[in-house]
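Here's a quick walk through one model, written for someone who would rather look at the coordinates than read a long preamble. Have the viewer open and follow along.

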Amino acid sequence: MRLTIVADDGSVSPAPERLASPSAWSLRPDDLAERARSAGVGGSAAHLFRQLQRVSTWRSGQPDVGREARRLLDGLDRSLPAIVDEAPSADGSVRMVLRTVDGHHIEAVHMPRPHVGTPRTTFCISSQVGCAMGCTFCATGTMGIVRNLSAGEIVGQVLALMAAKGPATGHQLNLVFMGMGEPLHNLDNVARAVEVLCDERGVGLSPRRITVSTSGLVPALARFAALPVRPLLSVSINATTDETRSRVMPVNRSFNLAALKAALRAFPFRRGEKVLLAYVLLRGENDAVEDVLRLAEFAAGLHANVNLIPLNEHERSTHRAPDDDWVATFSRHLYDALAARDFRGVLTVRNNRGRDARGACGQLVQGEPRRRRTGTTPGDDSDAGRVVDGAPGPPHRSR
Ligand code: SF4
């Protein structure tokens, strides 16, 4: 059976949207200038954009704008997702629950990296409330799809995290769309949010510091490839046969491994760019020796890096993670199999940050916020999407 969002002709039906006024957070300087012209309001649109998007200029958690600018923003939605819960993890990351203006809970993870001596912080953010893709190992997948986040809510999520926990500027920030939702099922809003966040007059993120992770929604890949501001791409593979992949990732029933590989072969990679092939290891499902060879075969010939991710177990799934020794053995065999196929990417094994705070990959789900806790520290795979050129090195833990 296909995913319910995929029609017989392979087209994908869109997720519901929240009906609301346009959001101030999703406007580019050109949009603000156009609005100023039609409202007959003076002042510099670039300056207002800077005031909106740079949290370092805010006062009391809000942009500090003058009367003229407030006139210009009249009628726009200026609500930011509210942080309603924080769960710190022992590794320094913090799982954050945010409430949208219409009362839904979404999750993001704030992951500073002082333990590797870098001032950079990675945010793992959500693109939808819930998710239609139904991956069986994923807590979000059990929710079904509620609605898309708007571009303003995606930008607002980033700004809310920056204002609450830093960093103050985008130059020290990496972004991964690996929270709740399938970003390519909400591509218009994700693309607009990325464009706004990468504008140098505002947050000034580099698109090469943003990774968008997809379950393999093949028809959206060509549109993603053509984005004017295109982030890096990560694709969840998670099985090496169509039989297993269709069982754990229903998207495979519509777009199978062969279709996915063909789309990745046709993808117009830029110089030095690679796709990150993510592989969640599920004990007894996809971690056999035969899987090593098939995974190496899938990766062979692609501009790719490979990231092995031991499953984050949670109560909404019966899947289990392989033990650490088997993860090490699987990665060693995979390294050998990739090297034998002249694979030119990097193999990493993810250190799942935030696991103890339920903030690790596949553990994010809408629920009641827990009682606020403070004081201790938590997790990312902040290297997910990091492009590293060169011949394969021995497998190592990503941090
Ligand atoms: S793994 Fe990603 S695509 Fe799959 S159900 Fe979870 S959030 Fe959706």
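## Around the ligand

Which of the twelve residues around the ligand come nearest? They are Cys131, Met133, Cys135, Cys138 and Gly141. Sorted by class, the shell around the ligand holds five nonpolar residues, six polar ones and one charged one.

Keep in mind that this is a predicted model.

## The overall picture

The protein has 399 residues, and 53% of them are buried. Its secondary structure comes to eleven helices and 13 strands.

## Helix α4

Let's zoom in on α4, which runs over residues 151-165. Its 15 residues reach 21 Å from the first C-alpha to the last, close to the 21 Å expected at 1.5 Å a residue. The helix is mostly covered, with twelve of the 15 residues buried. That buried group takes in, among others, Ala151, Glu153, Gln157 and Met162. What does the covering? The list includes the strands β1 (82-88), β2 (94-99), β3 (105-112), β4 (121-124) and β7, plus the helix α5 (187-198).

Ile154 is a handy residue to click on in α4. It counts as buried because it has 32 C-beta neighbours inside 10 Å, and 20 would be enough. Setting aside neighbours within four places in sequence, Ile154 is in contact with Ile125, Ser127, Leu149, Asn189, Val190 and Ala193. Take Ser127: Ile154 is 27 residues away from it in sequence, yet the two C-alpha atoms are 6.6 Å apart in space.

## Just past the helix

Right after α4, Gly166 takes a positive phi of about 80°. The peptide bond from Gly166 to Pro167 is then cis, with omega near 5°. Pro167 itself sits in the loop between α4 and β7 (173-177).

## Strands β1, β2 and β3

β2 pairs with β1 in the antiparallel sense over six bridges, and β2 also pairs antiparallel with β3 over six bridges. Val97 is a good place to see both pairings: it is the bridge partner of Asp85, and it stands opposite Glu107 in β3. Why is β2 described as largely enclosed by the rest of the structure? Because five of its six residues are buried.

The turns are worth a look too. The hairpin of β1 and β2 has five residues between the strands, and Gly92 there takes a positive phi near 100°. β2 and β3 form a hairpin with five residues between them as well, and in that turn Gly103 has a positive phi of about 90°.

## Two odd backbone angles

Most residues other than glycine have a negative phi, and most peptide bonds are trans. With that in mind, here are a couple of residues to check on your Ramachandran plot.

Ser60 has a phi near 50°, a positive value in a residue that isn't glycine. You'll find Ser60 in the loop between α2 (45-53) and α3 (67-73). Is Ser60 buried or exposed? It counts as exposed, because it has 6 C-beta neighbours inside 10 Å, and the exposed class goes up to 12.

Asp342 isn't a glycine either, but it has a positive phi of about 60°. Its place is the loop between α11 (324-340) and β12 (347-350). With 10 C-beta neighbours inside 10 Å, Asp342 counts as exposed too.

Methods:
Residues numbered from 1 in each chain as written. Predicted model: local features only at pLDDT ≥ 70, side-chain atom pairs only at ≥ 80, totals over all residues. Near = placed C-beta within 6 Å. Nonpolar A, V, L, I, M, F, W, Y, C, P; charged D, E, K, R; others polar. Helix = DSSP H or I, 4+ residues; strand = E, 2+ residues; numbered from the N terminus. Expected span 1.5 Å × (residues − 1). Contact = placed C-beta atoms within 7 Å. Pairing = 2+ DSSP bridges.
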